[in-house]
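Q: Could we read this structure together, taking each feature in general terms before turning to the case at hand?

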Amino acid sequence: MKKSSLFAVVALSGAAAVMLAGCSGSSGGGTTTAAAADAGRACVILPDAASSPRWENFDRKYLQEGLQAAGFEADIQNAQGDVNKYSTIADQQLTKGCGVMLLVDYQGAAVAVAKKATAQGIPVIAYDRPFTGADYYVSFDNVKVGELQGQTVLDGLKAAGKDPKTATVVYMGGDPTDGNAKMFHDGAVKVMEAAGIKAAAEPPGVWDQAKSQTNFEQALTSLGGKVDGVWVANDTNAAGVIKVLQDNNLKGVAVSGQDANVAGLQNILLGWQTATVYKPVKDEATAAVDTAVALLKGSTPSASAKLDDGTPYIQVTPILVDQTKVKDVVAAGDAAYDDVCTPDVAAACAQFGVVAP
Ligand code: GAL
């Protein structure tokens, strides 16, 4: 993306905003023009509801609250896993007017939207997932997410007394059309391979519990029913893998995850999942809101890192959560006590100090 054009646009809209404020002040009427309304609207597209509960449960809420608190209107829509719907939503939003777009990519659909937005001088933030054509990328340190997952697999193998060099480990990655999936993979593989792990099987990457379950079942069959560890890229996929482990009565298998969702936290407490990578969505949403607000106000957001293609990357730090840390996620309000500590999990909650806030 040509940054010069973005900054030119931003500077212009800043000047325009000042001029408009001046006009409405002198006329005393306070009438808003279409341009002023556009400049005050942040248009957001979420990808789906199935790959993770985070999008509807947390991202929507925190982005809405943050943008509103800063005095901007938030138009937040969900593409529900449909690339055509993604593009229709974007067209509708652009027709109404957007001062900035925050897009969570879904299977590359954000690329065409970013092109349209850029052509209209609207800055684009890649929220959580990277894609070509964004002006900024706001996300967690996703290679670090992968490294924590690789560490989870090593920790689980160690707890079971297994040698990583001879352990049978299956790799269950995320949907390769999500630009984060490669970063998760690269971080995890780096840590696992440094300890001598080699993939015994690697089915295609997905973000889908049912597909993950089927893929893992087939991998397990191909391995004669033997598995010591599974690198799994998120909790939704891990739930599918764990169903297969439970059906086959395979206990003590190292399993990683991501998102600290309710199912993941329960699987951790019950000993079916070794750990998850907790990504406090509030931190990520706050970073995105700060970036969006800076752009809406015509200033230049600051970024601590860059993607390989040079896109400024605002990074948030992920946290490893094992049995002893589940309580922190509940205490932070990122999982409800009543949802996690259902009757079958209550004893484990008590054992690991998970308490109602
Ligand atoms: C990733 C995201 C994760 C996870 C996954 C599935 O891109 O960073 O938090 O939920 O998508 O939606």
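Q: What span should the 16 residues of helix α7 have, and how far apart are its end C-alpha atoms?

A: This is a predicted model, in which local features need pLDDT of at least 70 and side-chain atom pairs count only at pLDDT 80 or more, while totals for chains, interfaces and linings use all residues. Residues are numbered from 1 along each chain as its sequence is written, and side-chain values use heavy atoms, with hydrogens and water left out. Helices (H or I, at least four residues) and strands (E, at least two) are DSSP runs, numbered from the N terminus, and the expected span of a helix is 1.5 Å times one less than its number of residues. For α7 (residues 179-194) this gives 22 Å, and the end C-alpha atoms are 24 Å apart, which agrees.

Q: Which residues of α7 are buried, and what do they pack against?

A: An α-helix has 3.6 residues a turn, so residues three or four places apart point the same way. Buried means under 20% relative accessible area, against over 50% for exposed and in between for partly exposed (1.4 Å probe, protein chains only). In α7 the buried residues are N180, A181, M183, F184, G187, A188, V189, V191 and M192. With contact taken as heavy atoms within 4.5 Å, the buried residues of α7 pack against β5 (136-140), α6 (142-159), β6 (169-172) and β8 (229-232).

Q: What is found at the N-terminal end of α7, and what follows the helix?

A: A polar contact is a pair of N or O atoms within 3.5 Å; within protein, one must be able to donate a hydrogen and the other to accept it, and residues adjacent in sequence count only if both atoms are side-chain atoms. D178 provides the N-terminal cap, with a side-chain oxygen 2.7 Å from the backbone nitrogen of N180. After α7 comes G196, whose phi is positive, near 95°.

Q: In what order do the strands of the sheet of 4 strands lie, and which are the edge strands?

A: Two strands pair if DSSP finds at least two bridges between them. The open sheet here has the order β7-β6-β8-β9 with parallel pairing, and its edge strands, β7 (199-201) and β9, each pair on one side only. β6 and β8 are joined by 4 bridges; among the bridge partners, V170 is matched with V230 and M172 with V232. On both faces β8 is covered, since G229 and W231 on one side and V230 and V232 on the other are all buried.

Q: How many bridges join β8 to β9, and is the crossover right-handed or left-handed?

A: A crossover is right-handed if, with the strands pointing away from the viewer, the path from the first strand over the helix to the second runs clockwise. Here 2 bridges join β8 to the parallel strand β9 (residues 254-255), with G229 opposite A254. The chain passes from β8 through helix α9 (residues 235-247) to β9, and this β-α-β crossover is right-handed.

Q: Which residues around the ligand come nearest?

A: A residue is near a molecule or strand if one of its heavy atoms lies within 4 Å of it. Of the 14 residues around the ligand, S51, D128, R129, D178 and D259 come nearest. An N or O atom in the side chain of S51 is 2.6 Å from a ligand oxygen atom, a polar side-chain atom of D128 lies 2.6 Å from an oxygen atom of the ligand, and for an N or O atom in the side chain of D259 the distance to a ligand oxygen atom is 2.6 Å.
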